[in-house]
Amino acid sequence: MNEHDSRLIIQWRTSQFAQSLSKRTVTERAAILHRFANTMGVSPSEATMDDLVEWLASGEDWSPGTRNTYYRAMRAWFLWLQRTGHRIDNPMINITSPRVPRAEPKPLSDDNLRRVLAVRMHKRTRVMIILYALVGMRCAEIAKIRGENFDLVERTVTFTGKGGVKSTLPLHPLVVDVAWMMPREGWWFPTNSSRPEGGHIRGKSVGHIIKQAIVRAGAQGSAHSLRHWFGTALVDSGVDLRTTQELMRHASLATTAKYTKVKDQRKVEGIHRLDPWKTAA
């Protein structure tokens with residue numbers, strides 16, 4: 001990548017931070033531009049529509065979600081170039097967004113969750129699993145959690161999550177119990193346990209640690225399966241979708257509905273409630 005493009009990317013990063021986009025989003029978008037340049041051998045600021053279509057079509061092993069993420073990053077990049085006068089045209093205008101199939105939730109079953117919790121594991125691993133399953137936190141959120149985030153008198157936790165949104169959530173009694181055993185100040189999951197005042201572990205590390213525990217329990221699923229369990233368990237327990245949306249911290253109620261899966265038994269019960277004779281009467 002030439003110096004001109006490097007300077008433009010730095011300016012674009014600054015512009016995105018000015019829009020209050022998260023560091024993760026800004027960093028990932030810059031990485032996508034570098035990936036495009038390395039793969040295609042084309043300057044990101046001079047790419048044509050044909051270059052972009054070829055690149056988006058080249059990732060045979062990309063998931064639909066990954067391809068859509070790349071598409072959205074390139075769309076944002078060229079829109080910025082056009083608005084700031086660095087480019088007159090926008091080659092992304094006539095490129096249709098990739099189709100992303102509706103994602104089906106894959107919650108860990110109740111039995112498998114019990115099996116995971118019964119497995120012998122390090123204390124911090126158990127705490128990660130409990131935060132995922134009983135607070136609905138994501139890997140990146142768990143990695144950055146601190147003792148100061150918890151108010152054990154009010155039994156709440158306050159933290160900044162996806163999209164830079166700050167949330168305060170009530171704590172399950174089991175979360176309160178483990179919180180009393182964790183540091184009241186500093187990172188709960190530091191990179192160096194002998195220096196807790198240093199940095200925290202990465203979100204990917206949280207996912208890997210939890211995945212290992214799930215495998216040892218002989219269960220199928222990922223760390224995010226615990227968040228899906230959180231959502232489905234709330235609805236199956238009779239919690240309404242609006243409250244579930246707040247607890248899962250979804251911007252859209254439609255997203256909550258997508259993450260919650262109706263069990264087959266509830267479908268059967270729904271069908272059995274139909275009474276054609278009552279309707280006819």
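Among contacts in this chain between residues at least 6 apart in sequence, 58% join residues at least 24 apart. Please keep in mind as you read that this is a predicted model.

**The chain as a whole**

Let's start with the overall picture. The chain has 281 residues, and 41% of them count as buried. About 16800 Å² of the chain is exposed, with carbon and sulfur atoms supplying 52% of that area. Taken along the principal axes, the C-alpha atoms fill a box of roughly 70 × 60 × 35 Å. Running through the chain are 14 helices and three strands.

**Two domains**

How is the chain divided? Domain 1 covers 3–84, and domain 2 covers 110–273. Their C-alpha centres lie 32 Å apart.

The UniProt record, an unreviewed entry, places the feature "domain: Core-binding (CB)" at residues 1–82. Over residues 1–82 the model is 77% helix and 0% strand, and the C-alpha atoms at the two ends are 20 Å apart.

**The sheet**

Now for the strands. The three of them make an open sheet in the order β1-β2-β3, and the pairing is antiparallel. Why is one side of β1 and of β3 left without a neighbour in the sheet? Both strands stand at the edges and each has a single partner strand, so one side of each has no neighbour there.

Here are the strands with their residue ranges:

| Strand | Residues |
|---|---|
| β1 | residues 150–151 |
| β2 | residues 156–160 |
| β3 | residues 166–170 |

β2 and β3 pair in the antiparallel sense over five bridges. Within this pairing, T160 stands opposite K166 in β3. The two strands form a hairpin, with five residues between them. In the turn of that hairpin, G163 has a positive phi of about 75°.

**A closer look at β3**

Which side chains of β3 are buried, and which are not? The side chains alternate along the strand. S167 and L169 point to one face and are buried, whereas K166, T168 and P170 point to the other face and are not buried. Buried here means under 20% relative accessible area. K166, the residue opposite T160, is thus among the β3 side chains on the face that is not buried.

To bring the strand's features together, β3 stands at an edge of the sheet with a single partner strand, and β3 pairs with β2 over five bridges.

How values were computed:
Residues numbered from 1 in each chain as written. Predicted model: local features only at pLDDT ≥ 70, side-chain atom pairs only at ≥ 80, totals over all residues. Heavy atoms only, no water. UniProt positions renumbered as here; feature names shortened; annotations may be inferred. Helix = DSSP H or I, 4+ residues; strand = E, 2+ residues; numbered from the N terminus. Pairing = 2+ DSSP bridges. Domains from an automatic or database assignment. Buried < 20%, exposed > 50% of the residue type's maximum accessible area, 1.4 Å probe, protein only. Contact = heavy atoms within 4.5 Å. Areas by Shrake-Rupley, 256 points an atom, 1.4 Å probe, with all protein chains shown as cover.
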